[in-house]
Each structure stands twice: as structure tokens, then as C-alpha cells.
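Please open the structure in a viewer and keep the selection panel at hand. The tour proceeds stop by stop, naming what to select and then what is found there.

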Amino acid sequence: VQFGAFQHSCSNKIYLLLVRSVSVDLNNDASLVIDIPDALCERDKVKFTVHTKTTLSSFQKPEFSVPRQHEEFIWLHDTIVETEEYAGLIIPPAPPKPDFEGPREKMHKLGEGESSMTKEEYAKMKQELEAEYLAVFKKTVQVHEVFLQRFSSHPIFRKDRNFQIFLEYDQDLSVRRKNAKEMFGGFFKNMVKSADEVLISGVKEVDEFFEQEKTFLLDYSSKIKDATAKAEKMTRSHKNVADDYNHISGALNSTAADNNTAFKKHLEKYAEVFEKLRKLEDRVASDQELKLTELLRYYTRDIQAAKDLLYRRARALADNENSNKALDKARLKGKDIAQAEENQKQCLQKFDKLSESGKKELTSFKARRVVAFRKNLIEMTELEIKHAKVRRLKCCVYHYMFTRQCSGSHGKPGNLREF
Amino acid sequence: ISSSSNGPKAEPMLLDHDPDDLFAEATEEVSLDSPERQMILSDGPSPAITPVTINPRADVFDLSFVSHENRDTFDIQISVSDPEKVGDGMNAYMAYKVTTKTSLSIFSRDEVCVKRRFSDFLGLHSKLASKYMHIGYIVPPAPEKSIVGQRLGRRSSAVTELDPDAKACLCCRYLLRTVKQPALLKDPDVLQFLESSELPRAVSTQALSGAGILRMVNKAADAVNKMTIKMNESDAWFEEKQQQFENLDVQLRKLHASVESLVFHRKELSVNTASFAKSAAMLGNSEDHTALSRALSQLAEVEEKIDQLHQDQACADFYLISELLGDYVRLITAVKGVFDQRMKTWAKCQDAQVMLQRKREAEAKLQHANKPDKLQQAKDEIREWEGKVQQGERDFEQISKNIRREVGRFEKDRVKDFRVVIIKYLESLVHTQQQLIKYWEAFLPEAKAIA
């Protein structure tokens, strides 16, 4: 069930959108269920309500909620990334920052042009603005919610102390924020940059499984990036078409306003048709974005996280090779052999651990990806069919109305409702 | 000077009963049992609409102007088709087949087929404009041979020459508009155009082009602007209508620009959909899970088909709505032109009055001089100018009467024209949605089959 409510006060603040989203597959385990039932948007800041229901004894209460801002989600992500133990796991990608630039611009225009607009125009623009906010909201809540559910559904992550703090601690986490970001933010970026190079030209792979995964992930990564970009363009075109319908409707209304002949009523009806077309086109565009474009965006990030895992393992492999060489050298020289042996043992352990854990992660990653694609493709298709049927019906109704219409009289609205 | 013999009429304007008006009894009512209605809606709970192929073939669109007229009194069907290249090299041109089917008695045959080239259409328009515009008839604008490309943000307004099929469509619409007008239908030039196998070559195509006519219209407008004495409009109807047409001109242009934007973005949507389809196919190839890979390839196929739908829809957007608006923008120019012609006529009448006054003064002066032959000449000139003034007044009355009737007809026609186009457009949309439903319903099991 999804619904939204919107208020706009004159002091330029937007208050809350109540969005309850349904993400089924990551909430299968009833022992720890997380969702974001609502969020509040105030100027730049979004406050998500993170709601937890759990039967685990490690938590103080069985059900509780805390407000969290986007930055706190990033803190959680960075903290997990830095945790050495998790090197062999795919770290769920950080959710992107909520982007309200589009609607914010529109609100600005609304505020500026308020005096020059008619009451109807103002009301209409306000409605469009609300719809845009709602769309952005849905997206950002969904992606933040999925982020948390990745942790809660993972056997190792769900036990993480920082994750628990994130869920439970009812004060602001900002105290810890800066350190983590400052220390590791830039460094992490550099790591990611050279990751591909290491993967491609790295040490010789000994394991067939990882060799295949590497080839697959490198190729898939570029393809899904491309598909995301193309999907974005497609969605934007839909929005442009919807915009054009909007302008056409407005122009028809203006023409009708100046007219005092029989033509006037016709023009107003045509304006109504185009307004309906606009609404439907908008809905198609936003559903396509939510189900298709967002899916592709998410998995582009997730593929990157998988590549990062491969990278860490490749580093461990290189370290392992180096430690072997160092041991041989030490034996040759007859110096520091024990130290070199210890180092080699640790590197091998680390590498083995990463390989074992990595294999499991990458296998379940594929399963997860397939499930997500399946769900979203089905939902997208069902929505497309639904919208097409609604559009067909509406066009039929108008068609019927116009073909029945004699000059001067109108079709009976009562009949149309039955139709 | 009184500007009109008719008083202002209440809207909507009914046609004056004019014995020359063949369409006095034409009604717009489409009976519920009329055949095209049945074709459109079936009895089932989800109405099925016969798919309308949206391509710019003229015969698809000529029906739009005929089928909604009462068949008994307006029975003429025109189609422009089969463009074919005639001749070689520099002198080569496109010839179009113009077919007229009619039972009207003014035509010598029931069905006649002639070959015409594009400049012939322009020639016809030029002749009609020069004959009828100055007496207040709204002459349909000539078909354009090129369109100024989408005037949008980044796109430069390049002039695109239309392809032969598109031109055929525009020529057909031009002819239909022309024959819908009672006075023009009877015009010998129109009859000759439709019927005679040989037509004298229209010369000097520059003068005949849309731009040439525009220049003629502008000359009238200039004449009006240069009038030293502004016409004292005692008839509020003309003042009101003129203002309305000024406003309508501005608004239709804006509307037209919005529709051109729609066409542009729809084409862009088509391109982006095709591009996404390719990308999805590549992603499907890269995907190592078999069932998902298959589904992605199928998604790519669906998107490719949808791309085609978008292209078809863009065609409908253009050929139905954009062109209708383009036509009307040009028609409004013609309407404004006849209003200007009326002013010009008034000015001529005024000039004649001034001249008459001068001649009378001259005669009065000569009364006291003693020049009998000059006096006679003056008296003759007075008679001459009295005649001119009377003729001028008659002309002015006639053009005013014609304009009132023409504007009434125009206002009635536009309701019909727009409605017909919207109906066809809705049909095209329904067709598109039917196809979309079909494609996505075929894809759904594929998506569900991902295991």
C-alpha cells in the first residue's frame, strides 16, 4: 500500500510525506524486520523514520523507531567498509543523497509567479509539485530502506554492533560522523579508482570460479552502467512528452478563455483530454523510473560493491604472493625467517578467508540479483499494462463522447460513467 | 458611411440562406447508427477499436473531411496519391494523381482522375486568391512544400523539404478545404483543375508560393496602416471579430509551437527507447543467469517494438494535430487578410468621396467663371465620381456581407475540423495502447519465468 499526503505552508517549508513502501524479499526473516514507514522533508534535510521489529535478545526492546538523516546512513556504510573482518563480504552500496533539486526549483517558480497566476493555474502547479515531491520521496525512501534491509537479512552484518547502534541509539549519531568520513572518505575513493586496473592486470588467478566472476563482473559492470544511462534518457523523454501535453492543455485553455463562440466549450474539453493524457504519461514515466531505472541504478552500485570485493581479494592474493617471495628471500638469506613465516601464514589465512567468504557472497549475489530483476520486471510490466488499459479506456470514453456530440449539445455524463 | 446592411448577429452565426450555398442543409449530426460509429465501438465490455494505420497516406486523412458531412448534400471525395517522378534531370518533377468522386451535377463525370504537379496547386491558389480575397472570401492557404523545422530550444530552425507522401497529404487537405467552400466549388478554375486532363503550366512559381501570397496580404495590411483617416467602425461586430482573430492568431501559434515540441520529444522518446533496447540486449548477453538473460533479451525486443509505436504516434501527432494547427494559423492569416481588404475597400470609397467633393467644389468655382465647356467637363466628372462613390459603397456593403458569412462558416467549420482531428487522434492513441497491452502481456510470462 502506498499513499502520500502533502502540505505546503507559505513559509516555504514542505512537510511530510507519508510513504509506506513494501519491500518483501529482504524482510523474510521475522527475527529482524526493518522498514522506513515515513519520512520528513524540511528544506535540504530528510529525516527518515527507521522502524525495527525484532525477536533478537541483543536489542533492548522488541519494537522501536529512531529518526535518521542521510548522513547517518553514510556513516554506517563507511564504518562497515572500514571493518577489516568484512573484507570478504559484499558491502551493500551506500544510498545516494536525496535529490530534491527538480521539485525545489519548481517550488521557487511557484513562489515567484504566484501573483501572476490565476487561482486554477496556481492550484494545478501546486498539484504537479506535490506529485514530483512524492516521486522523489518514493525513490529515496526505497533506496534507504533496501540499504538497511541488506544488513538485516545478512547473517553476519545483522550482528554488527554499529548496525545495532544505528537502529537503536535514539540520539543523533553526528558525533561519530566527521571522523569516519574525513579519514576514510578520500582514501576509499582512490581505492575504488584503481580497483579495476588491479583486477584486470593483477596477479595470475588460481581459482577458476574467481576468474570467471572477474570476467563477468567487468563486462556486466560496463553494460549495466550503459543500460542505466539509456533508461534514464528514456524516462526523461517520457517526462518531456508529459510536459508538452501540459503546455498544450494550457494553451487550449487560454484559447478557450478568449473565445465566446461555440468553439469555447470544445476547446475546454480538448484541454481536459490533454490534461488527462499528461497525468497518465507522468505516471508511466515515474513508474518506469521506480521499477526499471532505479533497479538498474541500484545494481550498477551493487556490481561495484562486488567488484570491490574482488579487488580486496586480489590485493590479498598479491600480498600472499609477496609474502611467499619474502619468505623465500628470508630463507635464502637466513635472516628473519620466523617473522617471514608468520607473515606468510597470516597472508594465506586472510586470502583463504576472503576466497571462501567471497565465493559464498558472489553466489548469493547472483541469486539476489535474479530475484530483484524478476520482481521489478514483473511489477513494471504489470504497471505498464495497467496504465495502458486506463489510457485506452479514457481515450475510448472521450472518443465516444465526441462522436456522439452534436453541435450545441453534449453527451450525457451519466452514461459515460457506466461506460 | 454605414458599414453593413446586416446588423450584428448573435453567435453562433447561422449561414445566410444563400441560393448559391449548396450546403445550406448540411448538418453535422452523426447518427448513433452510422457505420463509422459501429466500426469504432463494439459491444463488449472493453471496446475494441479498429486499428487505424497511422501513416501519412493521403487517403487515410481525406476521409476525415468527408465522413462527417451529411452524405446527401455534400457528396464529393477527393484523394491525392501515387506520387511519381516524371522526366529526368533538371526538369524532373513529382506528379500526383488527383481523383475526384462525386455525384454533384456541376461536374461532368462521376469519377475523374487527373495528374497534377505541386506548382499546379500553387497556381490554383494564386488564381483563387486574386479573384476572391478582395471581395471578402476566405481562400484556403496554399499547401506548403517545406516545413520550418521544430523551433525549439536547441534545435535550429532548419527548413525541411517534405517528402512526396507528406506533400500529397497536404495537397489533398488543401483541395478539400477549397471545395468545401460553396463559391469556390463552382469556380471554373477549380473545376478545370479537378477535371481537365491538360492544365496550362503555372508560371512564375515564386509569386505563387506561400510567401508570394503572404506578400500580397501584407500589401493590404500596409495599405490599411497607411490610411490617414482611420475607419470609423460603426459596426461593433467587425471590431470585435477583428480583435478575436488577432488573439486567436497569437494563441494558435503558441499552441502550434507546443504541439511541434510534442512531436519532437516523441521522436526523441522513440530514439531513446531504441537505444535502451540495444543496451538491454547487450546486458542480456552479458548476464550469466540463463533465464534472466533470456528475459532481458525479450525486454529488448519489446522495447524495440515500442520504439516503432512511438514513431507511429509521432506521425499521428504531426499529421493530425500539428498540421491542423499549421493550417489554421495560415487560415487565420487569410482571415485577417480579408478584414484588411475590407478596410482597403472602405479607404477606396473614402478616397472617391473626397474626390467627388473636390470635383463639386471645382464645379462650384467654375459656375462663377465663364467657361462653359470646362463646366460641362466638371459636371461630367462629378457624375463619374458619383458613380464611383456608389460603386464603392456597394463594394463595401458586399465585402462586409461576404465577410460576415465567411466568418460564420469559418467558425462552424473549425468546430467540425478540430473535433474530427481529435477523434482521429484519440483513435490513434487507442491503437497505440492496444499494441502496448499486447506487447507487455506477451512479455509478462517471460518475466515470471525467471527462476
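The stops below cover confidence, domains, salt bridges and one buried acidic residue.

**Before selecting**

This is a predicted model, in which local features need pLDDT of at least 70 and side-chain atom pairs count only at pLDDT 80 or more, while totals for chains, interfaces and linings use all residues. Residues are numbered from 1 along each chain as its sequence is written, chains are lettered from A and ligands numbered from 1 in the order in which they are written, and side-chain values use heavy atoms, with hydrogens and water left out.

**Stop 1: confidence along chain A**

Colour chain A by pLDDT, the predictor's confidence in each residue, from 0 to 100. The mean for chain A is 83, and 83% of its residues reach 70 or more. Helices here are DSSP runs of H or I with at least four residues, and strands are runs of E with at least two, numbered from the N terminus. Among the elements of chain A, helix 4 (residues 161–168) has the highest mean pLDDT, 94, and helix 9 (residues 413–418) the lowest, 35.

Next select residues 1–24 of chain A, where pLDDT stays under 50 and the model has 55 contacts (heavy atoms within 4.5 Å) beyond four places in sequence. Residues 406–419 of chain A also stay under 50, with 15 such contacts. Where pLDDT is low, the predicted coordinates should not be read in detail.

**Stop 2: the domains of chain A**

Colour residues 1–169 of chain A as domain 1 and residues 218–409 as domain 2; these bounds come from an automatic or database domain assignment. The contact between them takes 24 residues from domain 1 of chain A and 27 residues from domain 2 of chain A. Their centres, taken over C-alpha atoms, are separated by 18 Å.

**Stop 3: salt bridges**

A salt bridge is a side-chain nitrogen of Lys or Arg within 4 Å of a carboxyl oxygen of Asp or Glu. The whole structure contains 51 of them over all chains.

Select A:Glu294 and A:Arg297, whose closest N and O atoms are 2.5 Å apart in a salt bridge. Both residues lie in helix 7 (residues 263–333) of chain A, three residues apart, about one turn of the helix. Both are buried, that is, under 20% relative accessible area, where exposed means over 50% and partly exposed in between (1.4 Å probe, protein chains only). Extend the selection to A:Lys139, A:Glu232, A:Lys239 and A:Glu289, which are linked with A:Glu294 and A:Arg297 in a network of salt bridges.

Move on to B:Glu441 and A:Lys389, a salt bridge with its closest N and O atoms 3.4 Å apart. B:Glu441 lies in helix 11 (residues 372–448) of chain B and A:Lys389 in helix 8 (residues 337–404) of chain A, so the pair joins two chains. B:Glu441 is partly exposed at 38%, and A:Lys389 is partly exposed at 37%.

**Stop 4: a buried acidic residue**

Finally, centre on B:Asp307, in helix 10 (residues 290–368) of chain B. Which side chain of opposite charge is nearest to B:Asp307? The nearest is B:Lys278, 7.3 Å away, and the buried B:Asp307 has no salt bridge; in this count Lys and Arg are positive and Asp and Glu negative, with His and the chain ends not counted.

Show B:Ser270 as well: a polar contact of 2.5 Å joins its side chain to that of B:Asp307. A polar contact is a pair of N or O atoms within 3.5 Å; within protein, one must be able to donate a hydrogen and the other to accept it, and residues adjacent in sequence count only if both atoms are side-chain atoms. Not counting residues up to four places away in sequence, B:Asp307 touches B:Ser270, B:Val271, B:Thr273 and B:Ala274.
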